[in-house]
Amino acid sequence: LQRGIDEAVRLTESEIGYLHFVNDDQQTLRLAAWSTGTYRFCTAAHEDHYPVGQAGVWADSVRTLGPVVHNDYPGLTARRGYPAGHAHLLRHLGVPVTEQGRVRMLLGVGNKATDYNESDTQELQLIGNDLWRIFTRRRAELQLAEAKTAAETANVAKTAFLANMSHEIRTPLNAIAGMTHVMRRAGVTAVQAERLAKIDAASEHLLEIINAVLDLSKIEA
């Protein structure tokens, strides 16, 4: 974004430039970047967020959904003043970047030595559209990377859970089967032998179920 606004200033032969995002409510702005050269002319403190309703005529692009050109900025009767230390505007050009009928970004330059013309407007609009495409593509890449990381983290957690579950469940089952075998060898009555056989069969059946569940989980992972 910084390189983009700097290039917009250079191509339009301007001195200063700015780039704002317009929030979904279409009522508030968020400053994304000043052009690098702007800091030579502007020392005023500024807010990163503020309402469109409080912005001056430079934000008319948001209100009108179209480019605005002010080749005599000091002579505008509707303009609002700016704080001490702010860059003194002589000429101004601003364009909106729209998507699905909403303004997503506001790009502007100022103080060209001569009047801004249609060629400047087209140049700035093309740059703004390209910057928005780059921004949205990069944002999608970051969101996809975050989702991938979250999925991988969840998969690692699931694997750890399965390993713990396997150990915690199989250990007592092995103890049950082992003790059943020890009791048989020690000598039991026919009734006790029948009961031990049922315990042994049940534990074997339960172990088969556990193994099947763990195998299915590994296939899913």
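Modeller: Let's fix our words for cover: a residue is buried under 20% relative accessible area, exposed over 50%, and partly exposed in between, with a 1.4 Å probe and protein chains only. What you see is a predicted model, so local features need pLDDT of at least 70, side-chain atom pairs count only at pLDDT 80 or more, and totals for chains, interfaces and linings use all residues. Residues are numbered from 1 along each chain as its sequence is written, and side-chain values use heavy atoms, leaving out hydrogens and water.

Colleague: Okay, let me try that out. Is V213 buried, exposed or partly exposed?

Modeller: You'll find V213 in helix α4 (residues 190-220); helices here are DSSP runs of H or I with at least four residues, strands are runs of E with at least two, and both are numbered from the N terminus. Its relative accessibility is 41%. That value lies between the two cut-offs, so V213 counts as partly exposed.

Colleague: Which residues make a nonpolar surface patch with V213?

Modeller: A patch takes residues with over 30% relative accessible area and no salt bridge, joining like charges within 9 Å and nonpolar side chains (Val, Leu, Ile, Met, Phe, Trp, Tyr) within 5 Å. The areas come from the Shrake-Rupley method with a 1.4 Å probe, and for residues only the protein chains shown count as cover. This patch covers about 230 Å², and V213's partners in it are L206 and I209.

Colleague: Now for the strands. How many residues of β1 are buried?

Modeller: Strand β1 spans residues 16-22 and is mostly covered. In a regular strand, side chains alternate between the two faces of the sheet. In β1, I16, Y18, H20 and V22 point one way while G17, L19 and F21 point the other, and both sets are buried. The count is 7 of 7.

Colleague: Which residue is the bridge partner of H20 in β6?

Modeller: Two strands pair if DSSP finds at least two bridges between them. β1 and β6 (residues 102-110) run antiparallel, joined by 6 bridges. β1 also runs antiparallel to β2 (residues 28-34) with 5 bridges, and there F21 stands opposite R30. Over in β6, though, H20 is matched with L106.

Colleague: Which residue of β6 stands opposite G94?

Modeller: Start with G94's own strand, β5 (residues 92-99), which is largely enclosed by the rest of the structure because 6 of its 8 residues are buried. β5 pairs antiparallel with β4 (residues 68-70) over 3 bridges, where V68 faces G94. β5 and β6 also pair antiparallel, over 8 bridges, and in β6 the residue facing G94 is G108.

Colleague: Which residue takes a positive phi in the hairpin of β5 and β6?

Modeller: There are two hairpins to compare. The one of β1 and β2 has 5 residues between the strands, and Q26 takes a positive phi near 60 degrees there. In the hairpin of β5 and β6, with 2 residues between the strands, the phi is near 55 degrees and belongs to Q100.

Colleague: How many residues are in the largest nonpolar core?

Modeller: A nonpolar core is a set of buried Ala, Val, Leu, Ile, Met, Phe, Trp, Tyr and Cys residues joined through side-chain atoms within 4.5 Å. In the largest one, L29, W58, A59, V62 and L106 touch the most other members, and β1, β2 and β6 each supply at least two residues. Apart from it lies another core, of 17 residues, including I5 and V109. The largest core's count is 18.

Colleague: Which residues beyond four places in sequence is T121 in contact with?

Modeller: T121 sits in helix α3 (residues 118-186) and counts as buried because its relative accessibility is 8%. Contact means heavy atoms within 4.5 Å. Outside its sequence neighbours, T121 contacts P67, V69, L93 and V95.

Colleague: Last one: which residue forms a salt bridge with R184?

Modeller: A salt bridge puts a side-chain nitrogen of Lys or Arg within 4 Å of a carboxyl oxygen of Asp or Glu, and the structure holds 11. D130 and R133, for instance, have their closest N and O atoms 2.2 Å apart and both lie in α3, about one turn apart. R184's bridge has a closest N and O distance of 3.7 Å. R184 lies in α3 and its partner in α4, so the pair ties together parts 16 residues apart in sequence; that partner is D200.
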